[in-house]
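Welcome, and please open your viewer. We will go from one selection to the next, with a short note at each stop.

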Amino acid sequence: MLLISLVGIFLILKGTGAIITYFQQGADPGSALNIVPNKPPDYHTKIVWLPDDPDTGRVMEPFTRDQIESAYIRAWLQWNLSQEKGEPLGLKSYFTGPTLEAISNAIQQSVSNGFKITQTTTEHNPHLHFYSADGSIVSFTEEGARVEQIIRDKSGQVVLADERDSRYDVVMLLEDGNWRIRHMVRINETNPSDTKFVTALNPGFVRVDGASLTLDGQPFQAAGVNYYPQATPWDKFWLSYKPTIIDEDLKRAKDLGLNTLRIFVPFTQFGGTSPTETYLDRLDDFLKRADQQGLKVIVTLFDFRTDYNPLLWADADRHLETLLTRFKDYSSVLAWDLKNEPDLDYKTGGRETVDLWLRHVAVIAREFDSNHLLTIGWSTSAAASTLSNLVDFVSFHYYTPAVNLPTEYNRLKTAASDKPIMITEFGLPTWNTFFPNGHSEPEQAEYYADIIKFLRTSGSAGYVAWTLYDFSYIPGSVAGALPWQNGPQKELGILKADGKPKPAAALLAPGSSLDVTRVPSWAQFLKPFWLGSLVMLLLFIYLIWRFRLVERSIALFKRYRTGLFKLPHRFLRLFHRKRR
Amino acid sequence: MRQLSYFLIGLLLALVLTACGATASPPTFTGGELTISAPDSVDAGIPISLTVKASQAPDGAVVTLIAYGSAGPRIYRGTFNKNEAFFTLPESDTKQSGLVTLVAKAGQVQIEKRLTLKPGAPIEPLQPLVGAKAVVADTQHWSMVVIIPFDRFGNPVAEGTPIKMKAKRPDDRLEEQVFKVTNLLSWWRIYSGVKAGHTIISGTTNGVFGPESILHEVPGLPVPFSINVDPLNLTADGTQLATISTSTLRDQFDNKVEDGTLVTFTVDLPDGEQRVLPAYTIDGIAGIPLQAPRQPGQIKIKGTVLSIESSVLTFTLQPGPAVGVFPVSATKADSGKAVIIEAGPLLGAQQQFVPDGTPVIFTVSDKSGQKQTFNAISDQGRAKVEVRIAGMQQGNYLVEVKVGSGQGFTSFSL
């Protein structure tokens with residue numbers, strides 16, 4: 001009691017002190033100056049200074065380097081904004097002399113010719129050559145400004161979408177207290193996609209060998225499931241992360257003979273540009289627990305990130321950098337799946353923009369992590385040949401009839417002949433209700449058997465089914481809110497919501513028997529939908545019959561009623577006759 | 001029949017008008033190879049003609065040409081005619097030197113070619129930028145001369161362009177060095193000499209000239225210096241002035257320090273007081289007057305310029321101008337209305353009269369201690385004052401007379 005009282009008094013005193021302190025303090029004196037930083041705090045383009053020349057004239061102080069860096073980055077940003085706006089916008093503050101004039105003219109010319117340029121830069125690598133003794137002139141080479149540009153014509157059609165690493169010789173002058181670019185001469189360029197990366201050969205990591213995957217020298221074929229905990233799928237997974245549940249589920253997957261899981265890292269939930277330690281620790285924990293079970297994990301990045309505005313690419317880069325540099329040595333990661341079904345974003349983001357972003361992300365992902373494989377989880381086999389030269393293995397999702405798979409697979413194999421191919425999502429819902437397209441568990445098993453049988457024999461890199469569990473909760477943003485929209489999504493698991501396995505669960509393990517009892521074709525007519533349809537048909541016939549009965553009744557009634565109306569007249573007529 | 005004819009004519013007209021109104025979509029390039037025919041390099045600022053060739057392109061098919069240069073992309077559109085599309089990049093678009101990546105795109109086919117726009121020859125003025133503006137003339141300190149030569153379009157000139165820089169030193173030496181333009185500029189780390197003064201700097205290249213720039217080579221810190229006081233035989237009269245001055249301040253290379261160099265004199269007086277007197281050099285010497293204190297004794301003076309201290313000057317402030325006790329008399333004036341107090345002879349250390357005009361202070365105190373002070377000046381070794389007695393109380397009065405270090409006493413009664 002005494003302790004509680006003491007704590008209470010302490011808190012009251014502390015709170016009172018804080019309030020008094022708050023009212024004793026004025027505004028930050030610095031705020032009166034209203035100094036706007038050159039580099040906006042939410043602008044995350046990377047800048048890495050390369051080692052200075054041995055003799056730069058004068059050794060540059062860290063403060064000056066910061067000033068120059070901010071002004072230089074801001075100059076590029078202002079250039080990008082001017083391109084976006086279609087007019088020289090505030091360029092005078094960051095460019096001077098002939099460069100100011102040239103850049104302004106080029107922007108105006110593009111606009112007057114009916115072109116719109118969207119431009120951004122995601123990386124800069126200045127290399128200092130000279131810094132004058134009086135601190136007013138600096139000369140450096142921009143060894144690699146990674147510039148992304150999307151050029152559209154009047155009709156909005158994309159004329160060019162590309163990414164280049166350009167080298168510039170730059171001279172900046174300190175004029176009236178501000179660093180400005182006076183000269184910027186483009187001297188060379190490379191295509192980032194042309195950069196050859198050598199994947200490290202660390203033991204325990206899955207590798208590519210020709211059109212197959214290997215693990216420690218042995219062929220490796222992924223056999224797994226997409227994973228969310230049963231009670232907390234999608235947006236609730238990482239929010240309500242429970243290691244005990246994870247342990248149970250991973251053990252369950254292991255017991256089913258699986259070797260791979262595919263999970264999702266929601267961009268915003270993980271902290272966007274600056275992933276939070278809490279969520280990183282949870283991912284860390286998951287990967288370690290998967291490792292303990294001997295499971296490999298395909299980590300799908302940028303989940304639910306659908307804004308492809310080039311000015312925000314640097315934000316995504318920092319997210320990627322944080323994740324990949326932290327987990328680059330984790331052998332439990334089979335691959336980074338750069339984006340889930342990006343082709344579905346073509347409609348909103350524009351095909352060229354989405355593809356350019358994927359190219360960009362693929363290149364920098366290798367810069368951050370050369371240990372792990374890369375893939376992109378395309379929604380269809382038709383889309384999956386896109387950018388296949390940039391990934392280690394091609395992956396796509398398959399939900400159409402199993403009978404079409406060989407054709408689609410072989411077509412893709414031809415288009416991306418040198419790459420392993422993996423299906424990272426496939427499945428058949430066992431949601432079998434009065435709505436159409438319901439399926440039974442035996443049908444699901446048959447579908448799984450057909451898919452897996454083909455993939456095992458075709459030399460594929462493996463298969464990852466959707467999903468481990470049936471769910472009772474699906475976010476509306478995933479499959480819609482109506483029952484016929486999210487109903488099938490709820491029952492795509494190989495385990496029921498109560499954890500009991502469906503017949504398909506036994507088919508996924510490598511080497512498992514794929515002999516399943518074929519469902520006779522007439523059996524589909526025993527589904528609730530068909531039975532319901534039959535009932536409805538009968539009801540309909542019955543109603544028609546009843547309708548005719550009613551119609552006849554109405555007719556009789558009408559006839560009867562007509563008779564009644566006419567009765568008084570007849571009566572009157574008779575009456576009149578009688579009077580006459 | 002007539003109506004049918006009208007109907008058919010109308011129908012025909014409608015068809016014709018519809019056909020006129022429809023815009024024919026241009027043929028599209030569906031495949032084949034593209035090549036860009038353009039020079040590898042060309043001087044900046046001249047129109048460039050180039051051709052995009054297609055292996056098979058329908059006439060009228062659109063081709064887009066993007067020239068991605070130092071100032072960003074410039075975009076052009078053309079059409080194929082007999083598998084060729086001609087473009088001319090106007091002079092205004094080729095002014096900026098540097099690498100231009102030409103990207104031609106028709107349909108889904110894209111081809112690139114690189115073109116270098118070479119900067120022209122440097123033009124005037126070739127402006128030498130000097131900083132720091134002033135350096136110490138000690139052969140250790142240095143400044144920089146930077147020249148950023150540019151062509152007629154403002155482009156930095158080609159790497160390796162030789163720039164001759166000249167420096168005329170204060171000792172009339174002429175230094176010349178040739179520097180090549182590297183990373184868009186040329187620069188010279190110019191070390192100071194031993195003679196202070198102005199160094200005139202200029203730059204030239206291939207008959208291209210520019211204005212001069214000045215580098216000030218200033219003297220460094222002075223070497224230790226001495227202090228003088230004039231006159232040295234100052235007497236402790238609290239009135240006389242002596243001038244404290246430094247010797248000529250020179251740096252290690254015998255350059256007089258800059259005018260206006262601050263010298264701080266620290267004067268320790270006989271009574272323990274310390275005076276700090278700032279002074280600025282003119283022609284290498286800093287001086288300041290010192291008023292003699294009243295207390296005779298030893299005086300120490302030191303001068304300081306930044307961290308450099310002079311030797312300490314020590315001298316003795318002589319008592320004076322009168323010394324010892326001199327006679328003082330007080331007599332009633334003939335009118336009976338005043339008392340005449342006369343002091344003298346007022347003698348200095350050599351038994352000579354104190355100089356005429358020496359201040360003499362007479363202090364008259366009554367028995368209650370109330371004092372009246374009267375000032376006079378000496379004349380022929382004597383001084384006197386006339387004290388009017390009107391208003392004075394009856395009683396004894398004590399008189400004290402001071403002349404520098406000398407003093408005398410007397411008394412009178414009313």
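What radius of gyration does chain B have, and what would a compact globule of 414 residues have? Chain B has 49 Å, while such a globule would be near 22 Å; the radius is taken over C-alpha atoms, and the globule rule is 2.2 Å times the number of residues to the power 0.38.

Before moving on, a word on the model and its labels. This is a predicted model: local features need pLDDT of at least 70, side-chain atom pairs count only at pLDDT 80 or more, and totals for chains, interfaces and linings use all residues. Residues are numbered from 1 along each chain as its sequence is written, while chains are lettered from A and ligands numbered from 1 in the order in which they are written.

**Stop 1: chain B as a whole**

Select chain B and turn it around. Its C-alpha trace spans about 165 × 70 × 30 Å along the principal axes. Chain B has 1 helix and 31 strands (DSSP runs numbered from the N terminus: helices are H or I with at least four residues, strands E with at least two). Now colour domain 1 (34-118), domain 2 (129-218), domain 3 (227-317) and domain 4 (328-413) of chain B; these bounds come from an automatic or database domain assignment. Taken over C-alpha atoms, the centres of domain 2 and domain 4 of chain B are 76 Å apart.

**Stop 2: a strand with two faces**

Next, select residues 359-365 of chain B, which form strand β27. Which of its side chains are buried? Val360(B), Phe362(B) and Val364(B) point to one face and are buried, whereas Pro359(B), Ile361(B), Thr363(B) and Ser365(B) point to the other and are not. A residue is buried if 20 or more other C-beta atoms lie within 10 Å of its own, exposed if 12 or fewer, and partly exposed in between, with C-beta atoms placed from the backbone.

Add β28 (residues 371-377) of chain B, which is antiparallel to β27(B) and joined to it by 7 bridges; strands pair if DSSP finds at least two bridges between them. Pro359(B) has Ile377(B) as its bridge partner. The two strands form a hairpin with 5 residues between them, and Gly369(B) in the turn has a positive phi of about 95 degrees. Then add β30 (residues 396-403) of chain B, also antiparallel to β27(B), with 5 bridges. Here Val364(B) stands opposite Val399(B).

**Stop 3: the barrel in chain A**

Switch to chain A, which has 13 helices and 17 strands. Its radius of gyration is 34 Å, well over the 25 Å that the globule rule gives for 580 residues, so chain A is more spread out than a compact globule. Select β10 to β17 of chain A: these 8 strands close into a barrel, in the order β10-β11-β12-β13-β14-β15-β16-β17, with parallel pairing. Zoom in on β12 (residues 296-303) and β13 (residues 333-340) of chain A, joined by 4 bridges. Thr300(A) has Asp337(A) in β13(A) as its bridge partner.

**Stop 4: the cores**

Finally, show Val225(A) and Tyr463(A), which touch the most other members of the largest nonpolar core, a set of 131 residues. Such a core consists of buried Ala, Val, Leu, Ile, Met, Phe, Trp, Tyr and Cys residues joined through C-beta atoms within 7 Å. Helix α8 (residues 351-368) of chain A gives the largest share of this core, 9 residues. A second, separate core of 55 residues includes Tyr72(A), Val130(B), Met144(B) and Ile201(B).
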